[in-house]
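Q: Hey, I'm new to this one. Can you walk me through it?
A: Sure, let's bring it up and take it piece by piece.

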Amino acid sequence: STPINEYQCPLCGGDNACGAHADTPCWCCSTGIPQALIDLIPAEKQMKACICKRCVDRYNQSQQQQQ
């Protein structure tokens, strides 16, 4: 199997700006990641790489527009 790049968003393939190994908390610690978005990630990639902020923002905007 192909190794998973933990700095690549599993949804769009872009840079996820993961700060999990940084000295300060990652941006995702202060942003809720919707479960529905996590469910879109293939099972073998779940909990291996962070979803990027752009995908989270795009998802949240699409949910707001549907309401």
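Q: Where is Cys52 found, relative to H1 and H2?
A: Cys52 sits in the loop between H1 and H2. Helices here are DSSP runs of H or I with at least four residues, strands are E runs of at least two, and both are numbered from the N terminus.

Q: Before we go on, what kind of model is this, and how is the numbering done?
A: This is a predicted model, where local features need pLDDT of at least 70, side-chain atom pairs count only at pLDDT 80 or more, and totals for chains, interfaces and linings use all residues. Residues are numbered from 1 along each chain as its sequence is written, and side-chain values use heavy atoms, with hydrogens and water left out.

Q: OK, back to Cys52. Buried or exposed?
A: Cys52 is buried, at a relative accessible area of 4%. Buried means under 20% relative accessible area, exposed means over 50%, and partly exposed is in between, using a 1.4 Å probe and protein chains only.

Q: Which residues does Cys52 touch?
A: Skipping residues up to four places away in sequence, Cys52 touches Cys9, Cys12, Asp15, Asn16 and Trp27. A contact means heavy atoms within 4.5 Å. Also, Cys52 and Tyr7 are 45 residues apart along the chain, with their C-alpha atoms separated by 9.0 Å.

Q: I see several cysteines there. How many disulfides does a search of the whole structure find?
A: Zero. To count, a pair of cysteine sulfur atoms has to be within 2.5 Å.

Q: What about Cys12, which cysteine sulfur is nearest?
A: That of Cys52, 3.7 Å away, and Cys12 is in no disulfide. Cys12 belongs to the segment before H1 and counts as partly exposed, with 33% relative accessibility. Leaving aside neighbours within four places in sequence, Cys12 is in contact with Cys52, Arg54 and Cys55.

Q: How far is Cys12 from Glu44?
A: Their C-alpha atoms are 16 Å apart, and the two are 32 residues apart along the chain.

Q: And why is there no bond between Cys18 and Cys50?
A: Because their sulfurs are 3.6 Å apart, which is too far for a bond, even though Cys50 holds the closest cysteine sulfur to that of Cys18. Cys18 is buried, by the way, with a relative accessible area of 15%.

Q: Remind me, what is a disulfide in general?
A: A covalent bond between the sulfur atoms of two cysteines.

Q: Got it. New topic: where does Asn16 lie?
A: Asn16 is in the segment before helix H1, which spans 35-38. Asn16 is buried, with a relative accessible area of 1%.

Q: Which backbone oxygens does the Asn16 side chain reach?
A: The Asn16 side chain reaches the backbone oxygen of Glu6 at 2.9 Å and that of Cys50 at 3.0 Å.

Q: What else is Asn16 in contact with?
A: Beyond its neighbours within four places in sequence, the list includes Tyr7, Gln8, Trp27, Ala49 and Ile51. Cys52 is on that list too.

Q: Switching to the backbone: what's the phi of Ala17?
A: Positive, about 50°, although Ala17 is not a glycine. Ala17 lies in the segment before H1.

Q: Why point that out?
A: Because most residues other than glycine have a negative phi.

Q: What is phi of Met47 near?
A: Near 65°, so another positive value in a residue other than glycine. Met47 is in the loop between H1 and helix H2, which covers 53-66, and is exposed, with a relative accessible area of 80%.

Q: And Lys45, what is it in contact with?
A: Ile4 and Pro10, setting aside neighbours within four places in sequence. Lys45 is in the loop between H1 and H2 and partly exposed, at 33% relative accessible area.

Q: Last one, the overall picture: how many helices and strands are in the chain?
A: Two helices and zero strands. The C-alpha atoms fill a box of roughly 40 × 30 × 20 Å along the principal axes, and 24% of the 67 residues count as buried. Among contacts with a separation of 6 or more, 58% come from residues 24 or more positions apart.

Notes
A polar contact is a pair of N or O atoms within 3.5 Å; within protein, one must be able to donate a hydrogen and the other to accept it, and residues adjacent in sequence count only if both atoms are side-chain atoms.
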